[in-house]
Amino acid sequence: MDNVVVYSHAGSTNHGCEALLRTTVSLINYPCQVFSIAGDDYLFDANRIANYTALHTFKSYSWQHFALKMKSILNKSKMPYVRYWYKDCFDELRSNPPKLAVAIGGDAYCYGNNAMLINQNKMFNSFGSKTVLWGCSIEPELLNDEEIIEDFNRYAVIIAREHITEKAILNSSVRTRVLYGPDPAFSLPIEEIALPFSSSNVIAINVSPMVQRHEKVEGIVWSNYCYLLESILEETSFEIALIPHVVTEGGSDLGVLRLLFEKYKETGRVYLIDENSTMNCMQLKFALSRCRFAVVARTHASIAAYSCCVPTLVMGYSIKAKGIACDLFGDDKEYVISSGALKSPSDLWDAFVNILENEESIKATLENRMIGILEELQIYSDTVTDLICK
């Protein structure tokens with residue numbers, strides 16, 4: 001078994017997960033084995049990043065799903081699911097455990113799949129492996145859950161990707177060592193690819209079903225994006241690149257982006273990027289790097305844009321967008337707008353005007369901050385080395 005196992009990878013059709021996987025393996029700098037329950041990594045050659053193992057999966061409503069559900073109910077535990085995933089390598093892991101198991105996923109604890117994460121952490125601990133929660137964001141109220149506290153105390157180290165999360169964990173009853181490290185995806189390289197636009201006078205637009213689910217006024221996110229595009233087209237000379245960053249079935253950005261494209265394509269100034277979902281995260285980062293501004297909903301679309309020093313407004317819904325913006329700019333108020341706080345169709349455009357008017361100062365801040373971030377990312381390599389060598 002390799003020295004380091006990387007697990008809780010959710011699949012590369014979420015290009016944020018792909019970016020985390022690529023940069024995590026690069027930062028670890030040790031022989032590394034990746035465990036994935038996703039079947040989509042091969043689409044973007046992400047299965048070639050390291051020693052790669054595709055774990056067992058099952059389809060919803062299959063007999064395996066039914067059997068595992070029954071076992072979980074009887075055992076009052078999600079461990080049967082975890083043992084099923086790892087069944088081909090369980091004996092090897094137990095007899096020859098990795099020195100370190102790294103849980104990636106960034107915000108994985110924020111989406112209700114905590115039982116799976118908890119049981120994977122328990123499993124690797126039972127093998128004698130040290131575990132690390134890698135580059136995470138945690139909603140502070142989650143730390144009121146005693147089961148989460150118990151789980152976090154099993155990790156050897158927790159690395160928080162923004163200071164709001166770091167502070168929340170430090171102020172909780174978690175005893176595990178907590179460190180700050182920027183999101184690993186800040187170090188993602190770009191890969192040049194042909195794009196449908198050649199001008200640099202382009203605004204990148206990303207929207208996701210996630211922000212729509214968190215809206216308090218029905219349809220307000222859609223009306224804000226329509227108002228934004230119409231204002232850009234009517235009041236400026238910018239072109240618009242609609243860029244998806246998650247193309248996972250059932251949660252793809254492409255659904256709403258296609259609707260926007262159809263609505264405004266006759267202007268000749270709106271482009272839909274990667275409509276066929278063939279671009280990897282490095283190519284999408286290249287597309288974002290060629291834009292002058294960005295308005296995005298996906299966290300890793302914002303990280304890709306920030307790291308290319310593109311002035312960016314984020315449509316957020318959780319602690320991660322606010323935390324990352326605060327670390328970059330000292331405050332989030334001018335850089336993050338909550339989908340849950342939208343009241344008027346012009347809210348997004350009004351917030352974006354501030355980004356337009358402060359382009360040079362925002363670029364200068366990002367350029368200065370990126371130097372420090374690339375240095376701060378060394379915390380990941382140092383932590384792995386420290387845990388392996390002890």
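Two helices whose axes cross at an angle of 65 to 115 degrees count as roughly perpendicular. In this predicted model, the axes of helix H1 (residues 15–28) and helix H11 (residues 281–289) cross at roughly 110° and come within 9 Å, and H1 and H11 are therefore roughly perpendicular to each other. On the H1 side the contact is made by His-15, Glu-18, Ala-19 and Arg-22, and on the H11 side by Cys-281, Met-282 and Leu-284. Sorted by class, the contact of H1 with H11 has four nonpolar, one polar and two charged residues.

A second helix pair is formed by helix H9 (residues 220–235) and helix H10 (residues 254–264), which pack at an angle of about 40° with their axes 11 Å apart. H9 and H10 are therefore oblique to each other, and their crossing is right-handed. From H9, the residues Trp-222, Tyr-225, Cys-226, Leu-229, Glu-230 and Leu-233 meet Val-256, Leu-259, Leu-260, Lys-263 and Tyr-264 of H10. By class, this contact of H9 with H10 has nine nonpolar and two charged residues, and no polar ones.

The aromatic side chains offer another view of the model. With ring centres within 6.5 Å taken as the criterion for a pair, the count comes to 14 aromatic pairs. Two of them are set out in the table.

| Ring pair | Distance between centres | Angle between planes | Arrangement |
|---|---|---|---|
| Phe-197 and Tyr-271 | 6.1 Å | 45° | tilted |
| Trp-349 and Phe-352 | 6.3 Å | 55° | tilted |

Phe-197 lies in the loop between strand S7 (177–180) and strand S8 (202–205), whereas Tyr-271 belongs to strand S10 (residues 270–272), so the pair ties together parts that are 74 residues apart in sequence. Phe-197 is buried, and Tyr-271 is buried as well.

The pair of Trp-349 and Phe-352, by contrast, is found within helix H14 (residues 347–357), where these two residues are three residues apart, about one turn of the helix. Trp-349 and Phe-352 are both buried.

Aromatic rings can also be followed beyond single pairs in this model: Tyr-7, Phe-35, Tyr-86, Phe-90, Phe-124 and Phe-127 are linked by ring pairs into a cluster.

Methods:
Residues are numbered from 1 along each chain as its sequence is written. This is a predicted model: local features need pLDDT of at least 70, side-chain atom pairs count only at pLDDT 80 or more; totals for chains, interfaces and linings use all residues. Side-chain values use heavy atoms; hydrogens and water are left out. Axes are lines fitted to C-alpha atoms, for helices over the stretch in contact, and angles run from 0 to 180 degrees between N-to-C directions. Helices (H or I, at least four residues) and strands (E, at least two) are DSSP runs, numbered from the N terminus. Angles under 35 degrees count as roughly parallel, over 145 as roughly antiparallel, 65 to 115 as roughly perpendicular and the rest as oblique. A crossing is left-handed if the near helix is turned anticlockwise from the far one by less than a right angle, and right-handed if clockwise. Contact means heavy atoms within 4.5 Å. Ala, Val, Leu, Ile, Met, Phe, Trp, Tyr, Cys and Pro count as nonpolar, Asp, Glu, Lys and Arg as charged, and the others, Gly among them, as polar. Rings of Phe, Tyr and Trp (its six-membered ring) pair if their centres lie within 6.5 Å; planes under 30 degrees apart count as stacked, over 60 as edge-to-face and the rest as tilted. Buried means under 20% relative accessible area, exposed over 50%, partly exposed in between (1.4 Å probe, protein chains only).
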